[in-house]
Amino acid sequence: MEKHKVLIRRCETYDPDRIAAIVREGMEELGVIPEGKVLLKPNVVMAHPEIFPHAFTRKEFLDGVLSAVRSKAGAMKELAVGERSGITVPTRFNFKMAGYLPVLRKHRARIYYFDEVRQVPVELKQEGRLRDLIFVPRPVRECDFLINLPKFKAHPWTRLTLSLKNFIGLQDDRHRLIDHTSFLEHKIADLQEVIQPRFIAIDAITAGQKMMLTPTPFAMGAIVMGTNSCAVDTVGCHMVRVDPQDLIHLKMASERGFGPLNLEEIEVGGDFPLEAVQEKTRDFQFCLERVDEYFPPGGNLTCTVGTFPESHSRDYCWGGCPGALQEAVHILRGFDPQVEQKMKKIRYVVGKVEGPLYLEPHERVIFAGDCTSWEGNLDGEKVKIEPGYRSPAAVDARQTGSNDMLLKIGSALWDCFENRKAPYVHMKGCTLSVAEHVNYLSSLGRVKNPNFDPRLAIPASWAYWQMRASRALNRLFG
Ligand code: SF4
């Protein structure tokens, strides 16, 4: 059986010409000829030159790949770039902040903001799937040639985000948070059935460590290319000495027949030997700590973690609310490194918790998520938090809430205002987004809410209304 080929090429700087030359050579070696409707999917989960400088596929990388695609394409009907950013912020805001717009104009590439276009259902049939139906943007369904352009990053929920995980950015807000729970890995595997990329080029020039929204940069100096997501992700795992078996969505996707999980089944080429990469990434850092360990006792933010409803993940909900809390705190730290010293005392309670919470004076409680339950006394009053968790089988992907950015901010602030004298709030939802955590933490902790920072608030609000208008037009005529 012919082996899948994955190339690791050295590239130390974000020089678009150098990137174009490397990607062109890679496409030639892998026999890649884009044709028909070609859609590039970068990772732009969040972008801002000062606040989120390392979270996204860089514009110079996109520039280089677009040059290579233009020069190697066959009969191309359309060249487009599409994405849905994270934490409910309009994608058009992030494309602007990432510096994509001049690059896309230069290459005459069409833009698809996946939060503005029509979403279409796709029936899933594969053995082991979580759902029978999944929604994706119409341009994804209609494209002939998908090129995946992930950013090489560690991830606090899934360990790494490479080619397979980049598909989470296909879905709009209505559908993205469904199963973004302890079923996140299943969801990533499900998404692979919608479409398979025909070419993958990972921006690993500056990789990201620890977090996905606010990663610590790591000069990896590499571009990874291939034509099979499992093969590319397997090599990506070895580049930072992660056992591919521990990347659960990779294991699941491989078991469903999407590609290899063993290095023996992959031919690794290029001018950057795997051993040399491993030597370079010896100190590459991850963040896979539970929140009750990550936020130590004695701080102003502490966590009590109970048990969780699903049998495959009773002791923790990787993929759900706890990881969103970590990302939210990292965002707050980005705005004020002393934020945890300045905030009012908060206890974050998640899961089914039994017994007293042993709060400190003036410590307030956030009960987080629909799976959370607790019963006891707070400030001398009897409190009972009832669980409202529904398993995936009880959640209909066709009946989803909007997860609108302004609604989320408004409802969180109103909830905190209404409960300003109460010893606790219950954040309802499954899953709770990073954005909701930011709003609740800043409000209850009485620290600055990044949503009101003028660097974000003004351009993001403008982008929000543009997004709403464009979405309305696409509903009518799209
Ligand atoms: S509500 Fe509970 S089960 Fe749902 S994502 Fe949050 S922690 Fe996980």
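User: In this predicted model, what does buried mean, and is Glu436 buried or exposed?
Analyst: Buried means under 20% relative accessible area, and exposed means over 50%. This structure is a predicted model. Glu436 has 9% relative accessibility, so it falls under the 20% cut-off and counts as buried.

User: Which helix holds Glu436?
Analyst: Glu436 is the buried residue just discussed. Its helix spans residues 434–445. That helix is H15.

User: Which backbone nitrogen lies 2.9 Å from a polar atom of the Glu436 side chain?
Analyst: Leave aside neighbours within four places in sequence, and Glu436 is in contact with Lys408, Met427, Lys428 and Thr431. The 2.9 Å partner is a backbone nitrogen, and it belongs to Ser433.

User: How far apart in space are Glu436 and Cys321, C-alpha to C-alpha?
Analyst: In sequence, 115 residues separate Glu436 and Cys321. In space, the C-alpha to C-alpha distance is 9.9 Å.

User: Which helix gives the most residues to the largest nonpolar core?
Analyst: The largest nonpolar core has 145 residues. Leu40, Phe152, Phe199, Met220, Met239 and Ile366 touch the most other members. The top contributor gives eight residues and spans 321–335: helix H12.

User: Where does this core lie with respect to domain 1 and domain 2?
Analyst: Domain 1 covers 4–123 + 131–280, and domain 2 covers 291–447. Both give residues to the core, so it lies between them.

User: How many residues are in the other core, the one with Leu357 and Val365?
Analyst: This core lies apart from the largest one. Its members include Leu357, Val365, Val383 and Ile385. Its residue count is nine.

User: Is the Tyr464 and Trp465 pair stacked or edge-to-face?
Analyst: The whole structure holds twelve aromatic pairs. In this one, the ring centres are 4.8 Å apart and the planes meet at 85 degrees. Planes over 60 degrees apart count as edge-to-face. The 85 degrees is therefore enough to make the pair edge-to-face.

User: Which residue of that pair is exposed?
Analyst: Tyr464 has 2% relative accessibility, so it counts as buried. Its partner has 53%, which is over the 50% cut-off, so the exposed residue is Trp465.

User: Which residues form one aromatic cluster with Phe152?
Analyst: Phe152 is also among the core residues that touch the most other members. Its partners in the aromatic cluster are Phe218, Phe284 and Phe286.

User: What is the distance from the charged end of Arg58 to the ring centre of Tyr14?
Analyst: Arg10 has its charged end over the ring of Phe272, 4.2 Å from the centre. The charged end of Arg58 sits over the ring of Tyr14, and the distance to its centre is 4.0 Å.

Technical notes. Residues numbered from 1 in each chain as written. Predicted model: local features only at pLDDT ≥ 70, side-chain atom pairs only at ≥ 80, totals over all residues. Heavy atoms only, no water. Core = buried A, V, L, I, M, F, W, Y, C linked by side-chain atoms within 4.5 Å. Buried < 20%, exposed > 50% of the residue type's maximum accessible area, 1.4 Å probe, protein only. Helix = DSSP H or I, 4+ residues; strand = E, 2+ residues; numbered from the N terminus. Domains from an automatic or database assignment. Contact = heavy atoms within 4.5 Å. Polar contact = N/O pair within 3.5 Å; in protein donor to acceptor, adjacent residues only side chain to side chain. Phe/Tyr/Trp six-rings, centres within 6.5 Å; stacked < 30°, edge-to-face > 60°. Lys NZ or Arg CZ within 6 Å of the ring centre and 35° of its normal.
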